[in-house]
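Welcome, and thanks for taking a look at this model with us. Please have the sequence and the 3D view open side by side as you read the points below.

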Amino acid sequence: MQNMRVVKADMSMARDIANIGAKTISHPYSLEQIRSDIESGKYVYFVAKLKDTVIGYISLYPIFDSCDLIQIAVDPASQKQGVGKLLHDYAVHYLLDIGVNRIMLEVRRDNTAIDFYTKLKYRVISRREKYYGDVDALIMEKLLK
Ligand SMILES: CC(C)(COP(=O)(O)OP(=O)(O)OC[C@H]1O[C@@H](n2cnc3c(N)ncnc32)[C@H](O)[C@@H]1OP(=O)(O)O)[C@@H](O)C(=O)NCCC(=O)NCCS
């Protein structure tokens, strides 16, 4: 997608992130939670911007040489155009730079995002049965090195 760039999010982008989460994630974070995450400095958010409009984000929780991928979401109008992959590629470069060598995530067994993660070379390493009511959670991992 032309004119798109990825930048590290600051507090001024928290509302845009919350709005995209509300449109795409089944249990989205509140604006307050996102603000608190960014303020803590423990979580890293990157956003994809098309001109001045935020069209997607990825949130990460790096700890030592490992990182949890907390959420990735792209505005429905911009999905399936490479935005999610670009955000993820950007995150991988950042994580390699700070010494992270694996990314882990948890996803509902019925979320089609599993196909996206599989394309990005994540593999299922365990399953939490009925973690979401009747639905299992899958734990997926991608090794960076
Ligand atoms: C998952 C998500 C971030 C993918 O973003 P996206 O910008 O549409 O993905 P991309 O266009 O970069 O796709 C990269 C690859 O994954 C594939 N892909 C993306 N979403 C897919 C889906 N739902 N099902 C199957 N394949 C998918 C694409 O076809 C593409 O494959 P290709 O390289 O062979 O063409 C987006 O669908 C989304 O926001 N979903 C809702 C939020 C969510 O569930 N997030 C995950 C849990 S936090």
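Helices and strands here are DSSP runs, with at least four residues of H or I for a helix and at least two of E for a strand, and they are numbered from the N terminus. With that in hand, β4, α3 (83-97) and α4 (113-119) each give at least two residues to the shell around the ligand. Please keep in mind that this is a predicted model.

**Around the ligand**

- The ligand has 20 residues around it, and Q79, G84, K85, T112 and D115 come nearest.
- By character, the shell around the ligand splits into 8 nonpolar, 8 polar and 4 charged residues.
- Strand β4, one of the elements that supply at least two residues of this shell, is also joined to β3 by bridges.

**The sheet**

- Seven strands make up an open sheet with mixed pairing, and their order is β1-β2-β3-β4-β5-β7-β6.
- At the edges sit β1 (4-8) and β6 (123-132), each of which pairs on one side only.
- On average, and with direction ignored, neighbouring strands of this sheet are turned by 25 degrees against each other.
- Strands β3 (residues 53-63) and β4 (residues 66-74) run antiparallel and are joined by 8 bridges.
- If you would like a residue pair to look for, I58 has I72 in β4 as its bridge partner.

**The edge strand β6 and its hairpin**

- Strand β6 lies largely in the open, because the number of buried residues among its 10 is 0.
- Its pairing with strand β7 (residues 135-143) is antiparallel and covers 6 bridges.
- Within this pairing, V124 finds its bridge partner in β7 at M140.
- Together β6 and β7 form a hairpin with 2 residues between them, and G133 in the turn has a positive phi of about 65 degrees.

**Helices**

- Helix α1 (residues 14-24) lies across β2 (44-50), β3 and β4, and runs at about 95 degrees to β3.
- Helix α2 (residues 31-40) is where you will find E32.
- Is E32 buried or exposed? E32 has 10 other C-beta atoms within 10 Å, and a residue with 12 or fewer counts as exposed, so E32 is exposed.
- For a sense of distance, E32 and A73 are 41 residues apart in sequence, and their C-alpha atoms are 18 Å apart in space.

How values were computed:
Residues numbered from 1 in each chain as written. Predicted model: local features only at pLDDT ≥ 70, side-chain atom pairs only at ≥ 80, totals over all residues. Pairing = 2+ DSSP bridges. Axes fitted to C-alpha atoms, helices over the stretch in contact; angles between N-to-C directions. Contact = placed C-beta atoms within 7 Å. Near = placed C-beta within 6 Å. Nonpolar A, V, L, I, M, F, W, Y, C, P; charged D, E, K, R; others polar. Buried ≥ 20, exposed ≤ 12 C-beta atoms within 10 Å, placed from the backbone.
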